[in-house]
Structure formats: structure tokens, C-alpha cells
Amino acid sequence: MFSVIAQMAFTIGLGVLWRHIEFGGLSADRARVALTTSVYYFFLPALVLAVLWRAPLGADTLKIAVSAAAGVLASMAAMFVVARWMTLTRGQFGALLLAASFPNATYMGLPLLASLYGDAGKSIAIQYDLFACTPILLSLGIFLAARYGQHQEVIHPVKSLLKVPPLWAALFGAALNLSGVPQPDWAEGFLDRLGAAVVPIMLLALGMSLRLSTLSPRHLWKISPVLVIQLLFMPLVVLAVATAVHATGDTRVAIVLEAATPVMILGLVFCDRFGLDTEMYATTATASTLLVLITLPLWHHLLV
């Protein structure tokens with residue numbers, strides 16, 4: 001586990017370095033947009049399709065989705081309760097609500113589980129995100145971001161869901177799998193070759209997204225409840241639910257590790273889009289990403 005975390009940290013560090021040295025004359029933000037766009041539209045859908053086409057789908061799929069949804073909704077509720085004792089603007093509360101509720105299940109969870117469990121880990125990470133986190137984010141998450149933000153945009157959650165290429169790939173892959181359609185050798189080779197790009201690009205882009213300059217004592221004190229919810233409370237909830245639905249073995253460990261990943265980096269886009277406090281969100285995402293380099297190995301040690 002420590003070796004896996006060290007490799008991931010080094011790759012993330014290359015992304016952080018890019019923020020200070022503009023390789024090829026490209027700023028980190030410009031390069032990150034290009035990289036993540038290619039992942040979103042090409043590489044990640046290929047990986048999702050390849051993995052879910054041949055993954056064993058069944059009762060564990062429901063256990064993963066139920067555990068993930070419980071973790072998101074319980075953490076969201078916890079943030080509403082904690083916020084009663086905090087002095088926050090609407091924009092700050094909206095940003096912290098997103099930060100507390102949604103883990104970085106794909107950008108960090110997928111590389112982590114792929115390193116630990118191979119294709120089985122990839123399958124769990126994809127199902128955790130696309131069958132629970134993403135639908136909640138693009139429905140309830142968008143609704144709450146719009147409610148607490150300042151914007152003029154008309155929100156259509158269903159249209160938002162229909163515009164997610166990895167989700168379409170997940171549904172198509174699951175349909176082929178459950179229909180018993182075998183994956184041809186040429187398709188396996190092509191999809192695996194594209195999908196192999198996802199993990200290193202995601203980790204590099206994650207490093208590019210971190211904003212170390214936002215880690216001021218004033219902000220860190222205000223975001224500390226969110227870090228507790230995201231890195232401690234959510235994994236405990238997911239552990240309890242996964243145990244209750246009889247998830248066992250590596251599946252149970254992987255589900256909890258997904259919940260223990262840091263704040264979702266994609267939330268920065270929602271903060272900009274809906275007029276929430278982007279700087280506070282960036283502080284939370286950065287601090288949580290640094291902390292999980294310590295907390296993830298601890299969770300893994302406790303579970304195995």
C-alpha cells in the first residue's frame with residue numbers, strides 16, 4: 001500500500017511541478033483542461049466500456065452502489081448539521097457542502113484500486129462513481145450548487161446526466177455484459193490500449209489542480225469540519241453500510257477506500273459555474289489530497 005501511495009504521490013507531484021514550470025510553454029491550467037477533456041471523452045469511456053463489459057456484475061454491483069450513495073447522502077446531511085455552528089456565506093456553504101459530500105472516486109480512487117486489485121479494482125471504482133456518485137452529483141448536487149450560488153443558468157439535471165460519456169459507456173458495457181455478448185480480441189486490445197492512458201493522466205491532472213497557495217491558516221480552520229466528514233465520517237458510514245449489506249473481502253475493503261479518497265476535484269468546475277466560493281473549495285480539495293497520503297494507508301491497514 002505504501003508503495004502504491006508513493007507512486008501516486010510522485011505522479012501527482014509532477015502535476016504540481018507543472019504549476020511552477022510551464023513545460024512546453026503551456027500553463028498547468030491550459031494543459032489540464034486539454035488532458036482532462038481527452039480523458040472525459042475518449043480514454044475514460046474506453047476504460048469503462050472495457051472493464052464493465054467483462055466484469056462480474058451481480059449482487060456486488062448493488063452493494064457498491066448502495067454503500068456509495070449512503071456515504072454521499074449521510075455526509076451531505078452531516079454538513080448541513082455542522083454548518084449550523086459555522087459562520088458562512090451562501091457561496092461558502094455551497095462550496096463546502098459539495099466538498100463534504102463527494103469523494104474523488106475516479107481521479108484518485110480509480111488509480112488506487114487499479115494498483116491494488118487490477119481489473120477488479122477498476123470495476124469497483126467505476127461502479128462506485130458512475131452508479132451512485134455521478135447520478136447524485138448531477139441531480140441533487142447541481143440543484144444545491146444552483147440554490148446556494150449566484151448565477152443565471154437554467155438547470156436541467158436529466159440533460160446533464162445524458163451528457164456524460166463515461167455513464168453511457170457504463171450502461172452500454174453493462175448491457176453487453178448482462179446480454180452475454182463476448183468481448184472480441186480486437187475490441188479488448190483497442191479498449192485496453194486507450195484505457196491504459198487514464199490512470200497516469202488523471203494523477204497528473206490532479207496535481208495540476210492543486211492550489212497550495214490557498215492553504216492559509218484562516219481557511220484551514222474553517223474547512224476542518226469538512227475534512228473530518230470527508231476523510232473519517234464518510235468511510236465509517238460506508239463501512240457500516242457495506243458490512244450491513246454483506247460486502248466481504250477485497251470488495252468491502254475497496255468500497256471503503258473509495259469513500260476515503262479526498263475531495264472531488266471536479267467540484268472546482270461547479271463552483272466556477274454556479275458562483276460558489278472557488279478558493280475555499282480549492283483549499284479543501286488540496287488539503288484533503290495531501291492528508292490522504294497518510295489516511296489512506298491507515299484505512300487500508302485497519303481493513304486488511
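Y128 touches I64, A68, P103, A105, C133, V238, I255, E258 and A259, leaving out residues up to four places away in sequence. In this predicted model, Y128 sits in helix α6 and is buried, with a relative accessible area of 0%. Together with M79 and Y281, Y128 touches the most other members of the largest nonpolar core, which has 101 residues. The points below start from that core and move on to the helices, the loops and the largest pocket.

**The cores and Y128**

- Helix α6, residues 119-148, gives the most to the 101-residue core, with 15 residues.
- There's also a second, separate core of five residues, and W18, A28, A31 and L204 are among them.
- As general background, nonpolar side chains in soluble globular proteins tend to be buried together.
- For a sense of distance, take Y128 and L97: they are 31 residues apart along the chain, and their C-alpha atoms are separated by 20 Å.
- Why does Y128 count as buried? Its relative accessible area is 0%, and the cut-off for buried is under 20%.

**Helix α4, wrapped by its neighbours**

- Helix α4 covers residues 90-101, and its end C-alpha atoms are 16 Å apart, which agrees with the 16 Å that twelve residues should span at 1.5 Å a residue.
- How much of α4 is buried? Eleven of its twelve residues are, so the helix is largely enclosed by the rest of the structure.
- The buried residues are G91, Q92, F93, G94, A95, L96, L97, L98, A99, A100 and S101.
- Who does the covering? The elements over those buried residues include α3 (59-82), α6, α11, α13 (267-274) and α14.
- T89 is in the loop between α3 and α4, and this threonine is partly exposed, with a relative accessible area of 46%.
- T89 and L276 are 187 residues apart along the chain, yet their C-alpha atoms are separated by 9.5 Å.

**Helix α11 and its kink**

- Helix α11 runs over residues 217-244, so to speak a 28-residue rod, reaching 39 Å from first C-alpha to last, close to the 40 Å expected at 1.5 Å a residue.- Where does α11 kink? A kink of about 45° lies at I223, shortly before the proline P225.
- L215 is found in the loop between α10 (198-209) and α11. With a relative accessible area of 26%, L215 is partly exposed.
- Setting aside neighbours within four places in sequence, L215 is in contact with L220, T283, T286, A287 and L290.
- L215 and D277 are 62 residues apart along the chain, and 15 Å separates their C-alpha atoms.

**H246, just past α11**

- H246 is found in the loop between α11 and α12 (249-259).
- What is notable about the backbone at H246? Its phi is near 70°, a positive value in a residue other than glycine.
- For context, most residues other than glycine have a negative phi.
- Is H246 buried or exposed? H246 is exposed, with a relative accessible area of 59%.

**T278 in α14**

- T278 has its place in helix α14, which covers residues 278-303.
- T278 is buried, with a relative accessible area of 14%.
- Not counting neighbours within four places in sequence, T278 is in contact with R211, L268, C271 and D272.

**The largest pocket**

- How much space lies in the largest pocket? About 1,200 Å³.
- Its lining has 43 residues, and the closest to the pocket centre are Y40, Y107, L266, V269 and F270.
- Helices α2 (28-54), α6, α7 (157-162) and α13 each supply at least two residues of this lining.
- Which helix gives the largest share of the lining? That's α2, with ten residues.

Note on methods. Residues numbered from 1 in each chain as written. Predicted model: local features only at pLDDT ≥ 70, side-chain atom pairs only at ≥ 80, totals over all residues. Heavy atoms only, no water. Bend = angle between axes of the 7 residues up to and from the residue. Helix = DSSP H or I, 4+ residues; strand = E, 2+ residues; numbered from the N terminus. Core = buried A, V, L, I, M, F, W, Y, C linked by side-chain atoms within 4.5 Å. Buried < 20%, exposed > 50% of the residue type's maximum accessible area, 1.4 Å probe, protein only. Contact = heavy atoms within 4.5 Å. Expected span 1.5 Å × (residues − 1). 1 Å grid on protein atoms, 1.4 Å probe; cavity = no way out; pocket = protein on both sides within 12 Å on 5 of 7 lines; lining within 4 Å. Points joined across faces, edges and corners; volume = space filled by probe spheres on them.
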